[in-house]
Structures are given as structure tokens and as C-alpha cells.
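Student: I am new to this structure and would like to learn how to read its features one at a time. Could we go through them together?

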Amino acid sequence: MPAVTSSDGPVAVTGASGYIGSHVVISLLKRGYNVRACITDPENPDKTEHLLSLNNVDYSGNVELHKANLLDNGSYDRPFAECSAILHVGTAMGYGGANNPRQVYDGAVNGTSNVLASARKAGTVKRFIYTSSFAAIGHPAPPGYVYTENDWASDNRDNDPNWNLDNLEEKGETGYAMAKVETEHMVNRIAEEDGRFESISVCPIVVLGPLLSKVHELIGSWQWFLGRMLAGKPCQRGWQALWNIVDVRDVAESQVLMIESAVCKNGDRYQLSATDASGEIDCMQLQAHLLELFPHIDVGGAPDELAPMLEKYGKVYDAPRAHCDKARADLGLQTHAIEDTLRETGQTMMDLGLVTAKLK
């Protein structure tokens, strides 16, 4: 099926006001696309001003806002009309207790079903890019195992009593992983049955990089915990293992490359993870990077709970290991250095007033 170009008509982005979605909009504008940014709350300036301001930047494309909700069947019919590509980034998340696991699961599966229905109704869509997650890839594996796009979170679950929909409200991230696996299979199946468009999935892991709005902090997210370290507090997420870091700008750029690629085909998926071992770091290495990037800040480090683990094993759990080799090879994606990613994350959080750094 032919790749998409900016001359083929407008493209739409769901979840456009979010962290990844906003950067997807920017990547599209840089390439001259007319972008229909779909958001749930156009009355919230924190979700709109950073998008509308992009029309004042010297980009060759333009953006317009459209109100739509994942759970409202038909709400995407109008913004998707005549679109050549849909970049489906939006999903219900559980950060800060915003949604329980059942709502996260239903929002992903049912919400994507509604988005697909509107894409099929438009009849002009050639590429459908679905933002899945590394949660749909990672499965029980020995330390040091290197994940690829051939892995599914449903692998090696024969003895996992939690890998089912029973008591989903109590399952936290397992429910999110199950939703992403099911939804990836669903979009691929529907695209194949329809025959007019191709579905391609992107599976990001620890996404960091510049925040564009205060709503991008998301309590409990990776960027939120990095911000707490800049405030002098110990790392409280992922300290038992590795932070496998990808830049939000790379996640966004990869999706635009996917709609334009002559290589991509229906059912392809791309994990957006570390470029190499330099982006797979433990909390002590993360602290060291931040101290070098922000020498005037008393950056927090490992929590006290890590000491007995280091005494027993000598290091943190060697996982998750995963690299974005396929995206770099197939799409020509050029990734940001880990130092740039961490600098931009911390600096933008401070610039937006989301973090008060603990100075030395």
C-alpha cells in the first residue's frame, strides 16, 4: 500500500494534548502536514495553548483543534473525514489514580475500537499508527534477556495466575499490558479485514525528554519521579532494575516515519527503547548523569531499600534490555543521546514550574 505524504490530505492525532501526542503533532508540522489535533477538553488552556502556539512557529504545516473522546462512539467521525493517516496516541492512563485498571483496560480496547470505526467510516485512511507500549512486549524472562518486536507480554504466562481478566480492578499494570496486547492484535486484524489501510504499532518504554505543558508531568510517571530526584528526593520508581530510556521526540518522529515508509506493512511493530546500553541505566547512574548535567543541584539518588539488594546481588536486576534497532534500520530513525534527553526533561520541568530544585 502506498506510503502517506503531506500532499495526500490532513492527518489526525488522538491524545494530541498529551506528552507523546504533542510531540507527534510537532513532527508532523515540520513535514508540512495539516494536523487535526483531537483532544477531550478544549476549554483547558494547559491542553491547548502549547498546541495552538505551534501555528506561530515557522513550520510548513498547521494544526487545528477538534474535540473528541475515546469513549464516545462517532466523536472522531468529523475530524477523521478525508484524513490520509490516523496516529492513535490517546489512551486512558492510571497515573495519579486518574483511572482504575478496569477503566484503563476498557479505555484502551473499547476506545481504540471507536477510533477504528471512525477511521473506516472516513474511507480515505491509508495508515493507522497505534501507540501501544513496551508493556505489550515485556514478559517473564531471565535477567539480561534482550527483548525484540517478536516478543509479546503474553509469552511465558502459562503459570501466571494474574494473566486473565478476573478481578481486573486489582491487577494494576498487568491489566494495562493485557489491554495493549489485545488492542495491538485487534487493530492488525481489523486493518487486514478492511483492506484499505495498514496498521503499525509503536511500543515505547521509559519515555523522557522535553515537556511542553504542565499537564505532561503526570503524577507517578517516569518524568515525575525524575523531577522528584531534582528536588533532592531518592528515586522511588524502577530502582530495583534499569531505566530503559527513549526520547519522546524519537517516539514521535518514528510515528511520522512510519506513515511515510515504503518498508512498513500491516502488522509491523516497533519497540521504541534505548538506542544501546548507554540508555539502559540504574538509578545510581541516573543520579550521576543528572549531577553532571545540573552541577548546582543536590540530586537525589538510590533509596535506602536498595542497599540490601546490592549487598546480596551486587547490582540491580538486569532488565529490561531492549534496543530500537528495528526502527533505526527500517525507518532511518536518528535518536537523541541520553544526556540530551535527561537535560531536556529536567530543564523543562523546572522551566514550567513543576519542580523546585534542591540547590547545593
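Student: Let me begin with two aromatic residues: are Phe 134 and Tyr 147 buried or exposed?

Tutor: Please keep in mind that this is a predicted model. Both Phe 134 and Tyr 147 are buried, and for Tyr 147 the relative accessible area is 7%, which lies under the 20% limit and therefore counts as buried.

Student: How many aromatic pairs does a search of the whole structure find?

Tutor: The search finds six aromatic pairs. In one of them, the rings of Phe 134 and Tyr 147 have their centres 5.4 Å apart, and because their planes stand at 90°, the pair is edge-to-face. This pair links distant parts of the chain, since Phe 134 is in the loop between strand 5 (127-131) and strand 6 (146-147), whereas Tyr 147 is in strand 6, 13 residues apart.

Student: Which residues form one aromatic cluster with Tyr 147?

Tutor: Phe 134, Tyr 145 and Tyr 147 form one aromatic cluster. The rings of Tyr 145 and Tyr 147 have centres 4.9 Å apart with planes at 80°, so this pair too is edge-to-face. Tyr 145, with 31% relative accessibility, counts as partly exposed.

Student: Where do charged groups sit over rings, and what is over Trp 152?

Tutor: Over the ring of Trp 152 sits the charged end of Arg 269, 3.5 Å from the ring centre. Arg 237, in turn, lies over the face of Trp 222, at 3.9 Å from the centre of that ring.

Student: Why is Cys 283 not bonded to Cys 235?

Tutor: A disulfide is a covalent bond between the sulfur atoms of two cysteines. The closest cysteine sulfur to that of Cys 283 is in Cys 235, and because the two are 5.0 Å apart, they are too far for a bond. Cys 324 is in no disulfide either, the nearest cysteine sulfur, that of Cys 203, being 13 Å away. The count of disulfides comes to zero. Cys 283, at 0% relative accessibility, counts as buried, and Cys 324 counts as buried at 1%.

Student: Finally, how should I read the surroundings of Glu 280, and is this residue buried or exposed?

Tutor: Glu 280 has its place in strand 11 (residues 280-281), and at 5% relative accessibility it counts as buried. A polar contact of 3.4 Å joins its side chain to that of Asn 244. Leaving aside residues up to four places away in sequence, Glu 280 touches several residues, including Leu 242, Trp 243, Pro 320 and His 323.

Technical notes. Residues numbered from 1 in each chain as written. Predicted model: local features only at pLDDT ≥ 70, side-chain atom pairs only at ≥ 80, totals over all residues. Heavy atoms only, no water. Disulfide = S-S within 2.5 Å. Buried < 20%, exposed > 50% of the residue type's maximum accessible area, 1.4 Å probe, protein only. Phe/Tyr/Trp six-rings, centres within 6.5 Å; stacked < 30°, edge-to-face > 60°. Helix = DSSP H or I, 4+ residues; strand = E, 2+ residues; numbered from the N terminus. Lys NZ or Arg CZ within 6 Å of the ring centre and 35° of its normal. Polar contact = N/O pair within 3.5 Å; in protein donor to acceptor, adjacent residues only side chain to side chain. Contact = heavy atoms within 4.5 Å.
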